[in-house]
Amino acid sequence: MSELLILPIILPLIGGAAAVVVRKSVRRSFRLAFTGAALHTIAGSLLICQVHIDGIFATQIGNWPAPFGITLVADHLSAAMVMITAVINLAVTFYSKADIGIDLVRRGHYCLLQILAGGICGAFLTGDIFNLYVWFEVMLMASFGLLVLGQSKTQLDGGVKYVTINLLSTLLFIIAIGLLYGLTGTLNMAALYQKIPLVANRGLLTALAVLFLTAFGIKAAIFPLFFWLPAAYHTPPVSVSAIFAGLLTKVGIYALIRFFTLVFAIDTAYLHFLLLAMAALTMITGVLGAAAQNEFRRILSFHIISQVGYMVLGLALQTRLALAGTVFYLIHHIIVKANLFLVSGVVRQLQGTFELARLGGIYRSNGWIAALFFIPAFSLAGFPPLSGFWAKMILIRASLDIHQYWLAFIAAAVGLLTVYSMTKIWGEVFWKPAPEANQLTDRVTARSISVWMLAPVTALTVLTIIIGLGAELVFKFALQAAEELSHPALYVRAVMGN
Amino acid sequence: MQTMCAVLAGIMVAGSIYLILDRNLIRFIFGLILAGNAVNLLIFTAGRLESRRPPLIPDKMTMGQELFANALPQALILTAIVIGFALLSFVFILFYRAYQALGTVDTELMRVAEDDGDDYRPESGPAGGRPV
């Protein structure tokens, strides 16, 4: 049983190591990456089944008993995140076949992609804060590599900003870890849950909570720490920005959820208000920033920020329903967001640019692709019966339940503004006739789209529809995850074994 | 000793912040190195300093007899140093490549990724060379 916890981490890491060896052969690189991603998905499915049947389970690496060694833990939330990481990894690997050229494969695109997936899964499964730091670093190194692999000017420019801010965030993270260890004498999250109420110095504890909030806030791109994201996410190849957009900020959100439901599950009225205000401001700035943009991927980048606000909102409200809303939102958002980035790559393939002003007429020339954009875009904006509608509805309902009317209003209004951005892309890219200038650049455009690109986009779109139509099942799953999050004792029992 | 180390770490962090806030990337790197060392010192100090009693357990016993030095912070620092070294090497190369490509180390002048999209260079096909 404990293998299930190790496999989703070790499989991509082995795949990544093997990919270094075979990277000169493009065909073998792809086959290896594809096999790795498929096995990763199988491991993720087994893990999620196991957790759903038996509840939270943990394993102690090297048989060191719980508070001393490194613990790997899977509850509903982390199992769902691992599963979805594997799905996105598979989709992006598929897409890379058409999107990534020989040079980048030889420089190690697939190798870094798999290490990134392994690092993300490690962060989701670990039950130890220092180990979390190590997985963050694994993930960061791989993402640094992927971001600048093409070495174009824009990539290096975006890369500098992304790298510097992320290094600062990890420094804050490790400062907070060191001080927390000094206060409590443990690094195990379950043991921290038991020890933190005994700490006498409450002031320092609050300061540490804010340090963690800042460190993870930078990763998750919440207000006012988001500026690096729209500066970097539109620069790498499309498949890379899709996996970044889908997963990286969500690791920050996951860490925030873990810390503020388990480690700092204490009376934090001050933090509570801070989180609520940050959530509201994140939603608003993200959506307004998007309204000002005129480049396909930069609009989508700003929307990541506004969507992250919704997830923080659910965490800040702290009720069971709100946490379930956050989990639902995470599942829905990762799929939809990665898919929208992939669609932007399809559009670029057709017309050679991401600039809205220079795009047009795709509804007429490729109606199928317009449909593949329409469904995730309006799911993002929250149209029933698509997945985003249910996610937003649960969160708004949760805010109304505890009489946070202004938050419910902001969440609904931001949903409406999202429609504005999505209709802008729809109108510019798909609906309006193709601009005259496009005729001149006919030679760079592709007439047909590779099946390697269409297959993952279609699969993710179908998944969005399934989540929308089968919302009750997903909601039940999310409620169970929220149940575990709001009762940390279950987690502690699974880890400490008593 | 503990107080001195704590104050020293504070001074180092202050210095590193001053350097990190500079627009020049070279100074940023120096700030980063300083901050990394300050953090290591901080972890070391937060784990309590003890120079007289080594973390050794006497023969035929399962626990130390009295309070002894904690070895874990040193293990943490070791990990942090290794990771920090890897990151630093990467950052050096990245900044050097960025300097070659963009011709500047002033972050204010690095506006390529966030321009207004005026220079239109249509391109399709896979990123990075010929299709597979």
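These entries record what I looked up in a predicted model of two chains, A and B.

**Ground rules.** I worked with a predicted model, in which local features need pLDDT of at least 70 and side-chain atom pairs count only at pLDDT 80 or more, while totals for chains, interfaces and linings use all residues. Residues are numbered from 1 along each chain as its sequence is written, chains are lettered from A and ligands numbered from 1 in the order in which they are written, and side-chain values use heavy atoms, with hydrogens and water left out.

**Entry 1, the interface.** I looked up the contacts between the chains, contact being heavy atoms within 4.5 Å, and found 56 residues of chain A against 49 residues of chain B. The two chains bury about 4,500 Å² between them, with 70% of it on carbon and sulfur atoms; buried area here is the accessible area (1.4 Å probe) that two parts lose on being put together, summed over both. I then searched this interface for salt bridges (a side-chain nitrogen of Lys or Arg within 4 Å of a carboxyl oxygen of Asp or Glu), and the rule finds 0 of them. For polar contacts it finds 2 residue pairs, both at pLDDT 80 or more; such a contact is a pair of N or O atoms within 3.5 Å, where within protein one must be able to donate a hydrogen and the other to accept it, and residues adjacent in sequence count only if both atoms are side-chain atoms.

On the side of chain A that touches chain B, helices 3 (76–99), 4 (102–106), 6 (129–148), 7 (153–184) and 14 (320–351) each supply at least two residues. Helix 7 gives the most, with 19 residues. Helices (H or I, at least four residues) are DSSP runs, numbered from the N terminus. By class I noted 27 nonpolar, 18 polar and 11 charged residues on this side, where Ala, Val, Leu, Ile, Met, Phe, Trp, Tyr, Cys and Pro count as nonpolar, Asp, Glu, Lys and Arg as charged, and the others, Gly among them, as polar.

**Entry 2, the largest pocket.** The search ran on a 1 Å grid over the protein atoms alone, a pocket being an open set of points with protein on both sides within 12 Å along at least five of seven lines, a cavity a set where a 1.4 Å probe fits but cannot get out, and lining residues having an atom within 4 Å of a point. The largest pocket holds about 1,200 Å³ of space, a volume being the space filled by probe spheres set on the points, which are joined across faces, edges and corners. Of its 39 lining residues, A:Phe68, A:Tyr181, A:Gly185, B:Asn70 and B:Leu72 lie nearest the centre. Helix 6 and helix 7 of chain A, together with helix 3 (72–102) of chain B, give two or more residues each to this lining.

**Entry 3, the cavities.** I found 2 cavities of 30 Å³ or more. The largest has about 70 Å³ of space, and its lining includes A:Ser143, A:Tyr162, A:Lys219 and A:Trp228; helix 6 of chain A gives the most to it, with 3 residues. The second largest has about 40 Å³, with A:Asp75, A:Arg258 and A:Glu484 among its lining residues, and its largest share, 3 residues, comes from helix 11 of chain A.

**Entry 4, salt bridges.** Over all chains I counted 8 salt bridges. In one of them the side chains of A:Lys161 and A:Asp157 meet at 3.0 Å, N to O; both residues lie in helix 7 of chain A, 4 residues apart, about one turn of the helix.
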